[in-house]
Each structure stands twice: as structure tokens, then as C-alpha cells.
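Visitor: I am new to this structure and would like a close look at a single part of it. Please start with one hairpin, and then place it beside the other parts that can be described.

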Amino acid sequence: MTLTARILSLVLVVQLVLAAAVGALLAGNARAAVAAEVDGSIQAARALVLASVATLIDAVPGPVLVPALAERLVQPRHARITLYDVQSGRTLVPPSRLARPGPAPAWFARLLAPTGHASELPIVENRNMRGLAVISADPGVEIAEIWRDARALALVMALAAAAQVGLTAVVLRAGLRPLGRLRAVLARLAQGDLTARADRVSVPDLAPLAADIDRLGGALAAAQADRARLSRQVVGRGDQERKAVARDLHDEYGPNLFALRVEAAAIRDAAPDPALRAHAETILAIADDIRRVNSALLSGLRPMAVGQLPLAAVLADMFDDLAARHDRIDWTLDLDPALPEPDEATALTIYRILQEGTTNVLRHATGARTVTASVGHGPAGWTVRLADDGPGTGGAAEGNGLSGMRERVALLGGTFAVQSGPGGATLTATLPADA
Ligand SMILES: Nc1ncnc2c1ncn2[C@@H]1O[C@H](COP(=O)(O)OP(=O)(O)OP(=O)(O)O)[C@@H](O)[C@H]1O
Ligand SMILES: [Mg+2]
């Protein structure tokens, strides 16, 4: 049940209880009032009958005393006089001059009608029983008047209740309206739009809630900025460490290997013994192997050119090299002409995606004829795309290559997706604009 429905039901229940209490109280009072009125009327009617008999008794002959009485009497307000004439055996009812309002419903009349009020008076003249006057209660007029008042009161109360329910509904609706806006702000925050704010709310009761929502939005935005900063730091630290290891490998191993080769060559050239020369050749071959492994390690650890040359040049080199070594495939690299220079972490990530992606094409996309790569930059950040027309991944599980790209992109706060179908596989990555 909504809050509005609850409050309106409560108002209605209170109004109904109030109406019932007022009705019960008024009914009790009205009953007593009707009984008192009727009692008074019966007493007055008795006195009237007695006085009229006293007046008439000397004025008219005995046999017509009761008809004369019936003519002289007028029905009182809340009692009913009925005369029984012994002479004619008829029942005579004096006229009534009262205008009777429309009668009350039977249930209402039963509710208020007094009980047991009636009185009989024998009409005696000269010791002759001339008739009988029966005086009974007649609360009809009084009850009809009370019914009219009760109806008017009920109508007023019903109108007041309707007005109260209507006004309450209007006030509630106006008061709760900002909740819809607050919900929309929360939904936007939940969807990641951390700029959503509730701002000012005109209903004072909801203003603290709006302020709390805005504080929450601010805290979320701050936390997200912190996370992005930390992620970049993590990526940056990793890159720095790899850079340092690569530098050591290059600076320490390179000269030492070179010296080793020079010495081995000197031994080979100077040795008189062929067996010794053969050993020197072997040392030279091993030194060559170590150099190859070293340079493979170096380029795996960190492509030296990234960070030294413009990214566009490094990528163009990579694709030129691929085109030269694998000429059965048509390699296309689409670069935004106004491509700005990314920060080093972003540049390395773009490089790795294309390097690992093209390696995957060569290893897995059998029969691919064209490979298209593109790097774009907009206000929202960087977009990298690599598409081939091979057989697609066929839903193969991700290995180190794809999951490594995904992790790196996630650390920078970007998105990464692999789409695959019979027309080939496509990698799409977005990276936020540089921090
Ligand atoms: N361009 C592609 N065309 C078809 N299949 C692909 C392509 N790229 C990836 N795949 C499929 O996705 C799988 C996962 O690729 P991923 O690069 O993650 O691992 P890998 O290449 O198998 O191994 P590594 O960890 O050495 O990269 C591959 O084994 C391959 O089956
Ligand atoms: Mg791979």
C-alpha cells in the first residue's frame, strides 16, 4: 500500500469513527429529548381534555358531550387524542392543524421512538359514562424534524470529509513529487553518470535527502577519480620497472656479450689447435643465441621506440614490417591525421593491443586476406580497432594475449571487446583521454 493510500485511508477511518461517535451521541440526546417532549405533550393534552370537558359539561347535553368535545379539541403537537363515544359507539378523532413534514425512515423513527407513553381518561357526566379519551404518544413530527437536521448535519460532515481527503491527497502529491526526481538522479548515478546531482528541493522534509544524494554523488566521483589515478600509477610503475629491467639488459648484457664475442673471435683466430678453434666457434654461437634471446626479451619487455618516437611513427613501422614479412595479407593502418601524442601508458597499451592482435591474426586467423587497424582520438578518449577477415575465434577461451589486453585496458579505465563471426574477428578498445 502506498504512503498516500495509507494516509488517505487513515483520514477516512478517523472521519467514519467521528461520524459514528457524533451520530451515537446525537441519537442518545435526541431520544431523551423526544421522550421529554412527548411526556410534556401528553400531560398538556390530559389537562386540555379535562378543561374542555369541564367547560362543555354545562353547555351541551350529556349524549352529545363527546362529539362536542371532538369538535372543540385540536390535536396537540406530540400526542394524539382519540375519543370513544359510548352513545354512538364510534371513535372520534379531533382535527389536527399541524403541518406534518415528510416522515423519517422507519428505522430512524424506531430508533428514537419513546416507549410506553399513553394515558386514558374516562369522560363522565352526572355519573354517566359518556366516553373515553385515549391520549397516546405521537413523536412523528418531532422525529421528522430531527431527521431533517440529521440529514443536513450528515451532508455537511460528508462534504468536510471529502474536502479533507481531497486536500490531503493534493498536499501529499505535491510533497512527494521531488522523490521521482531524486530516484532519477540515483538511477543516473547507478548507471555511472557521476555528474548527476539533485540540487535544491523545494520540500523541506526532502531537502536533507537531496543533500545526502549530492554528497554521495560527490564521494563516488572522488572515489572514481582516485581509482583512475591509482590504476594509472599501477600501469606507470609496471612500465617503469619493465623499462629499468630493459635498460639493464641492454646496458649490462649488451657490452659484456660484445666483449665475449670479441674475445672468442680472438681465440678462434689465434688458436693453432683446430679443436680449440671449434670451442671458440661454439662460444661465438652461444653468445649469438644469448644476444637473440636478449633482444627478444628486450622488445617483449618494452618496445624501445614507444615513448621515444611519435606513436604514429612506431605503429607505421610495425605495419610496414608486417607487410614486408607477410605479403599474402593486405595490411591497412588508419590513423587519425590529427592524432595527438598520448601519455606513455596509453601509448604502450595501444601498441600492445595492435602487437598482440596482429600476432594472433598470424597465429590463428588462417586464410585471412586483409587486416585493418585504426586509432582515433576524440573528446571521450582513444579508440583502437583491429579487424581481420579470417574464420573468427569460434568462441575459443581467452589466453594470456586477450586477457592481458583486457586487464591493461581496464587498469586505464577503458573498455575492451572481442567480436567474432564468420566474417572475421574484431578487437575494439576505448581508452579514456590522458590523465
Ligand atoms: N584474430 C583471430 N582469429 C581467430 N581466432 C583468434 C584470433 N585471436 C584470438 N583467437 C582465438 O582466441 C584464443 C585466445 O587468444 P589469446 O591471444 O588470448 O591466446 P593465444 O594466442 O592462444 O595465446 P597467447 O597467450 O600466447 O597469446 C586463441 O587461442 C584463438 O583460438
Ligand atoms: Mg595471442
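Guide: In the hairpin formed by β3 and β4, Asn126 takes a positive phi near 50°. Two residues lie between the strands of this hairpin. The model is a predicted one, and that applies to every part described here. Strand β3 covers residues 118-125 and strand β4 covers residues 128-137. The two run in the antiparallel sense and are paired over eight bridges. Within this pairing, Ile123 has Gly131 of β4 opposite.

Beside the hairpin, there is a pair of helices to look at. Helix α5 spans residues 207-270, and helix α6 spans residues 274-301. Their axes are 9 Å apart, and the helices pack at an angle of about 165°. Because angles over 145 degrees count as roughly antiparallel, α5 is roughly antiparallel to α6. The crossing in which α5 passes α6 is left-handed. Where α5 and α6 are in contact, the residues comprise 18 nonpolar, two polar and six charged.

The last part is the surroundings of ligand 1. A shell of 16 residues surrounds ligand 1, and the closest of them are Ala396, Gly399, Asn400, Gly401 and Leu402. Two elements, α8 (344-364) and α9 (400-411), give two or more residues each to this shell. Helix α8 gives the most, with four residues. By type, the shell around ligand 1 has five nonpolar residues, eight polar ones and three charged ones.

Conventions:
Residues are numbered from 1 along each chain as its sequence is written. Chains are lettered from A and ligands numbered from 1 in the order in which they are written. This is a predicted model: local features need pLDDT of at least 70, side-chain atom pairs count only at pLDDT 80 or more; totals for chains, interfaces and linings use all residues. A residue is near a molecule or strand if its C-beta atom, placed from the backbone, lies within 6 Å of it. Ala, Val, Leu, Ile, Met, Phe, Trp, Tyr, Cys and Pro count as nonpolar, Asp, Glu, Lys and Arg as charged, and the others, Gly among them, as polar. Two strands pair if DSSP finds at least two bridges between them. Axes are lines fitted to C-alpha atoms, for helices over the stretch in contact, and angles run from 0 to 180 degrees between N-to-C directions. Angles under 35 degrees count as roughly parallel, over 145 as roughly antiparallel, 65 to 115 as roughly perpendicular and the rest as oblique. A crossing is left-handed if the near helix is turned anticlockwise from the far one by less than a right angle, and right-handed if clockwise.
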